[in-house]
Amino acid sequence: MTADQTIELARRAFLLPNPADGQEGGRASLSKVVRIESAEAMPASIGEVVCTIGAFDGIHLGHRFLFSSAIADARQRGISSAIVTFDPDPDELFLPTERVRKLLDNEDRIEYLRTFGADYVVVISFTRKLAGHSVEGFLREVLGGVMHTKAIHVGDNFRLGAGNQGTVESLRELGELDGFVVHGHDLRRAEGTPVSATRIRDCIESGAIDEATGLLCRPYYLRGEVVKGRQQGHGFGFPTANVQIGYPYVIPAEGVYAGFVESQGRVWPAAVNVGIPRTFAGQSGCAEMEGNLIGFDGDLYGKPVRVAFTKFLRPQRTFASRDELVTTVMGNISWVADNYGREGFDLPTC
């Protein structure tokens with residue numbers, strides 16, 4: 001992989017818009033964010049709108065199809081387009097904590113939604129009170145307070161409102177009364193199977209990173225903070241960054257991955273171990289995610305980082321000797337260095 005290709009892979013991994021891409025244009029084309037905090041405190045109306053509605057966790061290729069469909073429809077009509085989403089994701093309010101599996105945190109998700117070419121990203125504060133609205137109440141009292149909806153684009157499995165009673169058919173019935181049309185699109189498919197956030201989560205948790213990357217249209221990443229670990233890496237010749245995850249992200253299957261670690265706009269190629277290394281199981285200071293940063297020399301303790309996963313290299317294993325451990329780990333690091341480079345680089349600015 002050339003240096004330019006490596007930088008492009010990191011750009012995609014860390015959600016930087018590409019100024020050369022008309023659909024995900026640079027900063028000048030970022031959508032305006034409109035926030036609805038409650039039905040009692042509405043922002044100014046944005047007028048006639050074609051929209052799509054959803055949580056859009058991960059923002060996968062199926063979501064992108066809905067965005068482009070709504071935007072194209074709005075342009076044809078000569079009116080505004082909007083992506084309508086929720087903060088927090090409804091899963092965080094209703095699922096038990098141990099079952100929440102997120103592909104993007106809410107701040108990153110909203111910022112990334114701004115890069116897809118819609119005129120507006122409408123962010124609705126999701127509360128139990130809001131969740132109690134019927135689909136009619138949501139569309140008329142909440143969305144209707146900030147926009148005049150002319151068309152809605154959703155997947156054919158769409159659900160909205162209390163008890164998930166709002167389906168594509170019920171939306172169409174309401175649209176006949178209120179003057180908007182509803183387009184229920186077939187779900188996008190890959191290898192014959194519908195694309196969904198659940199499918200992507202399952203891919204990541206099983207170590208199928210290549211498949212997840214294809215469905216997300218980018219490498220998967222998560223945020224964490226560097227903490228002190230065993231502090232044995234320097235002695236082995238490969239210093240590590242031990243990453244603590246404080247958000248309910250989907251965690252990749254145990255094993256070693258190629259990828260990148262980013263901090264404050266600087267990126268290093270990395271071999272990333274997920275799971276407590278079998279050789280050191282039971283020792284104090286064992287981290288569940290360790291990145292060998294290639295070309296890094298410094299101190300990241302206490303600093304936030306993003307860790308991206310681009311390729312599964314090997315499963316976890318127990319080593320018979322220190323020499324076998326060092327040889328194997330150095331082989332993983334060499335693969336990353338040979339393919340992604342031997343030094344850090346700055347992310348491109350838009």
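Of the 350 residues in this protein, 51% count as buried, and the model you are looking at is a predicted one. Its secondary structure comes to eleven helices and 15 strands. Among contacts between residues at least 6 apart in sequence, 75% join residues at least 24 apart.

**Helices α6 and α7**

Let's start with a pair of helices. Two packed helices are described by the angle between their axes and the distance between the axes. Here, the axes of α6 (residues 135–142) and α7 (residues 168–178) come within 10 Å and cross at roughly 40°. That angle makes α6 oblique to α7, and the crossing is right-handed.

Which residues bring the two helices together? On the α6 side they are V135, E136, L139 and R140, and these meet L171, L174, L177 and D178 of α7. Sorted by character, the residues of this contact are five nonpolar, no polar and three charged.

**The two sides of α7**

Now follow α7 by itself. Its buried residues are V168, L171, L174 and G175. Seen down the helix axis, they fall within an arc of 120°, so they line one face of α7. An α-helix has 3.6 residues a turn, so residues three or four places apart point the same way. On the other side of α7, E173, E176 and L177 are exposed.

What do the buried residues of α7 pack against? Their partners are α6 together with the strands β5 (148–155) and β6 (181–185). Just after the helix comes G179, which has a positive phi, near 85°.

Here are the elements in this neighbourhood, with their residue ranges:

| Element | Residues |
|---|---|
| Helix α6 | residues 135–142 |
| Helix α7 | residues 168–178 |
| Strand β5 | residues 148–155 |
| Strand β6 | residues 181–185 |

**P304 in β14**

Another spot to visit is P304, found in strand β14 (residues 304–314). Is P304 buried or exposed? With a relative accessible area of 56%, P304 is exposed, because the cut-off for that class is over 50%.

P304 also has partners from elsewhere in the chain. Leaving aside neighbours within four places in sequence, P304 is in contact with G224, E225, E262 and S263. V226 and P304 are 78 residues apart in sequence, yet their C-alpha atoms are 6.5 Å apart in space.

**Looking back**

To picture α7 once more, keep its two sides in mind: L171 and L174 are among its buried residues, and both also take part in the contact with α6. E173 and E176 are among the exposed residues on the other side.

Note on methods. Residues are numbered from 1 along each chain as its sequence is written. This is a predicted model: local features need pLDDT of at least 70, side-chain atom pairs count only at pLDDT 80 or more; totals for chains, interfaces and linings use all residues. Side-chain values use heavy atoms; hydrogens and water are left out. Axes are lines fitted to C-alpha atoms, for helices over the stretch in contact, and angles run from 0 to 180 degrees between N-to-C directions. Helices (H or I, at least four residues) and strands (E, at least two) are DSSP runs, numbered from the N terminus. Angles under 35 degrees count as roughly parallel, over 145 as roughly antiparallel, 65 to 115 as roughly perpendicular and the rest as oblique. A crossing is left-handed if the near helix is turned anticlockwise from the far one by less than a right angle, and right-handed if clockwise. Contact means heavy atoms within 4.5 Å. Ala, Val, Leu, Ile, Met, Phe, Trp, Tyr, Cys and Pro count as nonpolar, Asp, Glu, Lys and Arg as charged, and the others, Gly among them, as polar. Buried means under 20% relative accessible area, exposed over 50%, partly exposed in between (1.4 Å probe, protein chains only). The arc is that of the directions from the helix axis to the C-beta atoms.
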